[in-house]
Every structure is written in C-alpha cells, then in structure tokens.
Amino acid sequence: MTSRPTIGVFALQGDVREHVAALERLGATAITVRRPSELAQCDGLVLPGGESTTMFKLARTFELFEPIVDRIRSGMPTFGTCAGMIMLADRVKDGTRDQETFGGLDVTVRRNAFGRQVDSFEGDLSLAGLADPVHAVFIRAPWIEQAGESVEVLASVEVAGADRIVAVRQGHLLATAFHPEVGDDDRVHGLFVDLVTQ
Amino acid sequence: MAEMLKGGVIMDVVDATQAKIAEDAGAVAVMALERVPADIRAQGGVARASDPDLIDGIIDAVSIPVMAKARIGHFAEAQILQSLGVDYIDESEVLTPADYANHIDKWAFNVPFVCGATNLGEALRRITEGAAFIRSKGEAGTGDVSNAVTHIRKITGEIRRLQGLRDDELYVAAKELQAPFDLVKEIAATGKLPVTLFTAGGIATPADAALVMQLGSEGVFVGSGIFKSGNPSERAEAIVKATTFYDDPDVVAKVSRGLGDAMVGINVSDIPEPHRLETRGW
C-alpha cells in the first residue's frame, strides 16, 4: 500500500464534503464515488451520514450495490458514520419494508434509535484507541443493539440506564453512530486511514 | 444539522399516502402540509400551519425526517410543531405571514429551522435569528424555475463577491447586506454559508433540479411539482436521480424520458407583484 491511499466517499447522498475534507486533511486522496468505475479506484470507502433509505435506493438503481457488497466482502476497509453504519450492518430494525444494506458488520442496528431531530445531542465520548475523548454529534442516530463475537466495541453511551453501543470495529470495518466528520477533530478518520494503509 | 440532507430531495406531501410515495422514491425528507403551494395560490385565503392530526399521520407513515411549515413570525405555531415532534420547521413565505416586522426567534427552539431567502443579506439575517438551514425562495406553486435561479445565483454570486473584497471593505459590505459583520467576515473567508443551502420554488423537472444543483445548490425542495404532475411516483424518482447526477447529462436525459405531463404551471411574470410570495420576509 502506498503512503497516500485513495479513499472514496460514497456520494449518492449525504454529508460527502465533510468526509472528503477530513480525509484530505489527513493526507489521503479523497474521491467521490457514484459509479462502479470510481469504486474500482478506491483503497478504502467511507459511507457518510444521510438517509439510508435514499442511499439504498440509489445504490440499487445506479448499479453500485453489488460492487460495494463484493468489495466489502473481499476486504476493502470501509467506514460508516450514522446512516453509513446502518448500510454496513448485517441486520436493521425499524428500516423500511424493502430496505437492504451492504452488510459485512455482524451487528443489529436500530434505525433512529435515539429519536427524532429534537432528540439529537452532542457530548464527549471515550473511544477505545484514542487517548482523549471525542466530541460526538448524534443526529437522529442509530445504535447497535447486538454485536457478534468478532465485533470490538469502541464506545458506548448510557441511555435510560442501558449501555448502547455507538462505535465498533470488526477487522477492516469501522462504524460510528455519530458524525466525526462534523467538526475539525480528525482522529476517528485517522483510525480509518490507518486501517487502509496498514 | 441539515448536512445529512445534502444531495437529496425534500418533497411536499399532503397525506400519508403521498409521504410513502415520496419515501419510496428516495426523498431525504418530506414537508407535511394541507395544500401544496399551487393549491394555496389557486384557492386564496389565509394559509396557516397544518392540522396536528395531519402532521401526526405523516410522521407515523414514514421513517425519514418530517418537516412542517409555520407562518413567518408565528412563534406559537412553531411551538405547536415542535411539540408534535417534527424534525424541522420551515418558517415559510408560502403561508400567510403573521408578523410583517419580525421573524421567529429561532434560538428559542430545540428543533432546527429552515428559512427562505432571495439574497445573501436575507439568508444571513435568518441565520442570525437561528436558522440552521437556508433555501432559496423561488416562486412557490408556479412550476416556473426562473425565480429560484435568480435567488440561488444571487446568493452564491454575493458570496463570491465577498471573497474578492479586502478586509477593510467588509465593514461596508456588512452594512449593505444588512447582516452582522462577523458572519460576513466568516463567509468572505470560507466562501460558503455556515449552514446548508438548498433551492426551492418552481422546480418541476429533473432538468430543473440539475440546473440549480450546478448553480451551487446542495439539494432541492420540490413542492407542487411532483403531486401536481401526471405521474408523481416516476417524476419523484427521476428528480431524486437527477439531483444526485446533476452534472451527468446522460443520466439526467435518461431519467427525463416518459415522465408524462409536468405540472401546468404559471409564468412568474404573469403574477402581479403583490401576489408574489418571494416578497414575503424581511
């Protein structure tokens, strides 16, 4: 792997620009991915925040769905934030009837688990692998209800007395329920760039 | 907050059935209202916030964010919408204004607001009042995209102009824009609004969406253009696709085929000035 990896940001919908900016600040070459030919150039892929129903529908229509599933299965490092975490999950609760995900991450995610827009919140969060807490922004965020044995839990938040998983890693896959791309703290993206370059 | 909607289409819907059609077509959010702007325009009378039952029905029908409109300055309507749990409030010129001097103090709410603007100064005044999301106004309910084009060009053009000014010229620029100096200075440095910018008002075709996206919009609102057309479901999907591939004419051409009749529309120039919605907001 070269020292300057090419990392794609899935760009059919969502906060693409923020991810591109974070990746470029970290020295990666960031490209937007809307077509299979663009996916083919990527050493790693970011699935941004947005609406997972829209992302799924457009990925199917524009023939990006199967190529992404194949790349994830064959080991391409992939990082999903919020809706992107939903797209990486093997199982989704409270999705729409026909909603599918790319999968790969052995977890069950609950969509909009923290509630509606007014229930969005931010706070400092300890994340395994980072020395200092990250400022985490949760917007209509999902959480992970169940994680398989091979999934490493990186962060949780307490909701009504129960710990809810909000950041995980499983081999080449990284996912957060919050939005590390919002703001100027690039350390979580740094973990992902390390996954791509190692 | 509204960053997650970027690259997406927000659709006006009047009931749960339309809301499902919008969600299935790939909308990133829906705007719940009793009458689409074309009908408000045709029927006249005072247009107010929607019945809570209607909004509840739409919230229950879909999993994507639900927005609803309050009248300009009508903070009590906005309080009701917040209590219903809508995801965004649109303080909208499409409804009859409740206050001809003041807009809502949006900082007083937890729910984020989207507001219309025709130029940069207006956008910055709304942001100063707490708006988390700006859309051009266009001329709602017409299917005529010309005012939306004027407004998005004006907003982005004024941002470009600020970027070319010397620091000592920004004071007068702020005065002329009738906007706070700190915000003007920030925009001169970053070259963009500090919040998400969409286009609204008169978008009726996939090509309309591609046009305003190429002019610097980060997403689109479609009001009457979908459910006043001959084939709402297909048209909704086509506009979603054109918004994503706005810079790829092959895709926009492909999705534009066989959509049936677009909404009939009204030429903005045929609407007498006092009846234009774009002039509402101060």
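Reader: How many residues of chain B are in contact with how many residues of chain A?
Author: This is a predicted model. Contact here means heavy atoms within 4.5 Å. By that cut-off, the chain B side has 36 residues, and they meet chain A residues numbering 30.

Reader: What area do chain B and chain A bury between them?
Author: The size of an interface is often given as the accessible area lost when the parts come together. Carbon and sulfur atoms carry 55% of the area buried between chain B and chain A. The total is about 2,600 Å².

Reader: How many salt bridges does the rule find across the interface of chain B and chain A?
Author: The rule asks for a side-chain nitrogen of Lys or Arg within 4 Å of a carboxyl oxygen of Asp or Glu. B:Asp247 and A:Arg34 form a salt bridge, with their closest N and O atoms 2.9 Å apart. Across the interface, the count is seven.

Reader: Which element gives the most to the side of chain B that touches chain A?
Author: Two elements of chain B give two or more residues to that side: helix 1 (16-25) and helix 11 (232-244). The top contribution is four residues. It comes from helix 11.

Reader: Is B:Phe245 buried or exposed?
Author: B:Phe245 sits in the loop between helix 11 and helix 12 (249-256) of chain B. Its contacts beyond four places in sequence include A:Leu12, A:Arg34, A:Arg35 and A:Phe62. Buried means under 20% relative accessible area. B:Phe245 has 2% relative accessibility, so it counts as buried.

How values were computed: Residues numbered from 1 in each chain as written. Chains lettered and ligands numbered in written order. Predicted model: local features only at pLDDT ≥ 70, side-chain atom pairs only at ≥ 80, totals over all residues. Heavy atoms only, no water. Buried area = accessible area lost by both parts, 1.4 Å probe. Buried < 20%, exposed > 50% of the residue type's maximum accessible area, 1.4 Å probe, protein only.
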